[in-house]
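Biologist: I would like a close look at a single part of this model, with the rest of the chain brought in as its setting. Please take me through it slowly, residue by residue where that helps.

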Amino acid sequence: MYVPAFQVTGDQVLQAFRHDGISLFFGAMIMAVSLVATAFSTIRRKHDPILIYFALFAGVYGLRMWVQSHLASLNMQGSWLYPRLSHAIDFVVPIPAFLYFKAAGLLRRQATLASYVLGIVFGSFALATAIFGARTIFYRIASILIIAALIIVVVRSVGQKADNQDLIVIRRGGLIFVGFIVWENIRNLLGINLPNIEPIGFVAFLTALGYVAARQTLQRDLQLSEIQKELEVAKRMQLSILPAGFPDSANFRVAARYVPMTSVAGDFYDFIVANDTQAGLLIADVSGHGVPAALIASMVKLAATSQRANAADPSALLAGMNAALYGNTQEQFVTAAYVHLDSASRTLQYSAAGHPPMLLLRGGKVLEIVENGLILAAFDYATYTKAALPLEPGDRLLLYTDGLVEATDAKGDFFGSESLSALFRESVALSPPKAADHIISSIQQWSASQDDDLTVLICDYRPSAV
């Protein structure tokens, strides 16, 4: 710990306060602005580079004014580290300014590259000063670079037409600051002994930067709010294309659960036919997530609706959907599975297009029903076959999307088909709605985070008269 080697008298402290009063006041005000911007960024809980670099720029500049005050120098007499840090901070100040302009989108490509180069140069000067002490050559080079850069900025600013309100505000504040900086650097180069008035220009510039930072932050929040409102509307619209529920049936009990990863998603299910004697259950999964996948899902709905005439023939239904979707999905593909149950003939017919196998729970055992063809919307020549099985009383079917088996835990391990089969077997005593809830909640509890949409369809065959 550093212990001052000199005794500081009250008169010296009073004289230092008189000398540094304005500088300390401006430094405190600038650092307060930095703290307010930091607090605002923290409260918003969002990584906003504009606010962060603005706060850093103001904080470093205000700190420099305090560190380089006569009062600080008076209290740090005899320290070998203080002079180096007080000089090194001069070269640190411009770096967050470069980053701010980049985050605010106010630099063109050439200017961005130049600012990175200047940032490296100033960072090197700061490090060298902290290690070896202040060197006049560093200040001369830095002053020349700053004056040259600011002259270029002023010339380009005057000759450039600005239709960006933020650029106009920053330009006006910057021109004021540029005048003070140029004077200060000329004063340093010529060795003119006059008070440092640069902080006054900085306050004007900081006001302009603060206005732009606040305006862009609020504008982004408003845009985000509008996007969230639009997503809520899109979510309601997407939910509207899903069937409300399987109607009461004398032979079938069906439950569906749909848990999107985001507000809207690419999973889809539908009941192509639903009455006392037949159940046609379709499930589909569009590649990707979010709005694009949701738009394709609505197209899947239309394609499925157009194939109701083929409800009793799963292979023909998928072939018709593929023909309707091919060339219209912007290179996104769709996996799907469709099962048709007929209580009159007690038959089960199943076809799939690149989809995870259907699970059949019968007599306490889980069977995988695999009958896959090519994915939908990718190949115009795709054909599909179907599997036909006898339908037995007590049969329970599970259709699902790959988000269930591909859910991962904290270690990155997949939930897997075997675990899903075991979970499905455990649901034998539960009603279809409770079984669907149990499967979804179990996977959500097991996985570290939801990285895909989760959709399940469970159907029980419970004939009213056996």
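What follows is a look at helix α12 and its surroundings, and then at other parts of the chain. Which residues of helix α12 are buried, and against what do they pack?

Modeller: Please keep in mind throughout that this is a predicted model. The chain has 466 residues, of which 44% count as buried, and its secondary structure comes to 13 helices and 11 strands. Among the contacts with a separation of 6 or more, 72% are between residues 24 or more positions apart.

Helix α12 covers residues 416–426, and its buried residues are G416, L420, S421, L423 and F424. An α-helix has 3.6 residues a turn, so residues three or four places apart point the same way. The buried residues of α12 pack against three strands, β6 (358–362), β7 (365–369) and β10 (396–400), and also against the helix α13 (432–446).

The pairing of α12 with α13 can be described in some detail. Two packed helices are described by the angle between their axes and the distance between the axes. For α12 and α13, the axes come within 10 Å and cross at roughly 140 degrees; roughly antiparallel would require an angle over 145 degrees, and the two helices are therefore oblique to each other. The crossing in which α12 passes α13 is right-handed. On the α12 side the contact is made by L420, L423, F424 and E426, and on the α13 side by H438, I439, S442 and I443. Of these, L420, L423 and F424 also belong to the buried residues of α12.

The loop between α12 and α13 holds S427, and this serine counts as buried because its relative accessibility is 0%, where the cut-off for buried is under 20%. The side chain of S427 reaches back to the backbone oxygen of F424, at 2.6 Å. Leaving aside neighbours within four places in sequence, S427 is in contact with R396 and A435; of these two, R396 falls within the range of β10 and A435 within that of α13.

The loop that leads into β10 deserves the next look. D395 is found there, between β9 (387–390) and β10, and it counts as buried because its relative accessibility is 1%. Its side chain reaches the backbone nitrogen of E392 at 2.9 Å. Beyond four places in sequence, D395 touches L360, L361 and R362, together with P390, and also C459, D460, Y461 and R462. L360, L361 and R362 lie within the range of β6, one of the strands against which the buried residues of α12 pack.

C459 is also among the residues touched by L281, whose other contacts beyond four places in sequence are F246, V254, D270, F271, A337, Y338, V339, L399 and L457. L281 belongs to the largest nonpolar core, which has 53 residues, and the residues with the most contacts inside this core are L281, M321, V339, L341, Y350 and L399. Apart from this core lies another one, of 26 residues, among them Y61, M65, V169 and F177. In soluble globular proteins, nonpolar side chains tend to be buried together.

A second helix pair offers a comparison. Helix α2 (residues 49–67) and helix α4 (residues 81–92) pack with their axes 10 Å apart and at an angle of about 150 degrees, which means that α2 is roughly antiparallel to α4. Here α2 passes α4 in a left-handed crossing, and V60, L63, R64 and V67 of α2 meet Y82, S86, I89, D90 and V92 of α4.

Two further buried residues complete this region. D48 lies in the loop between α1 (10–44) and α2 and is buried, with a relative accessible area of 4%. Leaving aside neighbours within four places in sequence, D48 is in contact with T217 and R220, and its C-alpha atom is separated by 9.7 Å from that of A213, 165 residues apart along the chain. P96, in helix α5 (residues 94–103), is buried as well, with a relative accessible area of 3%. P96 touches Y53, L56 and F57, not counting residues up to four places away in sequence, and the C-alpha atoms of P96 and F57, 39 residues apart along the chain, are separated by 5.0 Å.

Terms used: Residues are numbered from 1 along each chain as its sequence is written. This is a predicted model: local features need pLDDT of at least 70, side-chain atom pairs count only at pLDDT 80 or more; totals for chains, interfaces and linings use all residues. Side-chain values use heavy atoms; hydrogens and water are left out. Buried means under 20% relative accessible area, exposed over 50%, partly exposed in between (1.4 Å probe, protein chains only). Helices (H or I, at least four residues) and strands (E, at least two) are DSSP runs, numbered from the N terminus. Contact means heavy atoms within 4.5 Å. A nonpolar core is a set of buried Ala, Val, Leu, Ile, Met, Phe, Trp, Tyr and Cys residues joined through side-chain atoms within 4.5 Å. A polar contact is a pair of N or O atoms within 3.5 Å; within protein, one must be able to donate a hydrogen and the other to accept it, and residues adjacent in sequence count only if both atoms are side-chain atoms. Axes are lines fitted to C-alpha atoms, for helices over the stretch in contact, and angles run from 0 to 180 degrees between N-to-C directions. Angles under 35 degrees count as roughly parallel, over 145 as roughly antiparallel, 65 to 115 as roughly perpendicular and the rest as oblique. A crossing is left-handed if the near helix is turned anticlockwise from the far one by less than a right angle, and right-handed if clockwise.
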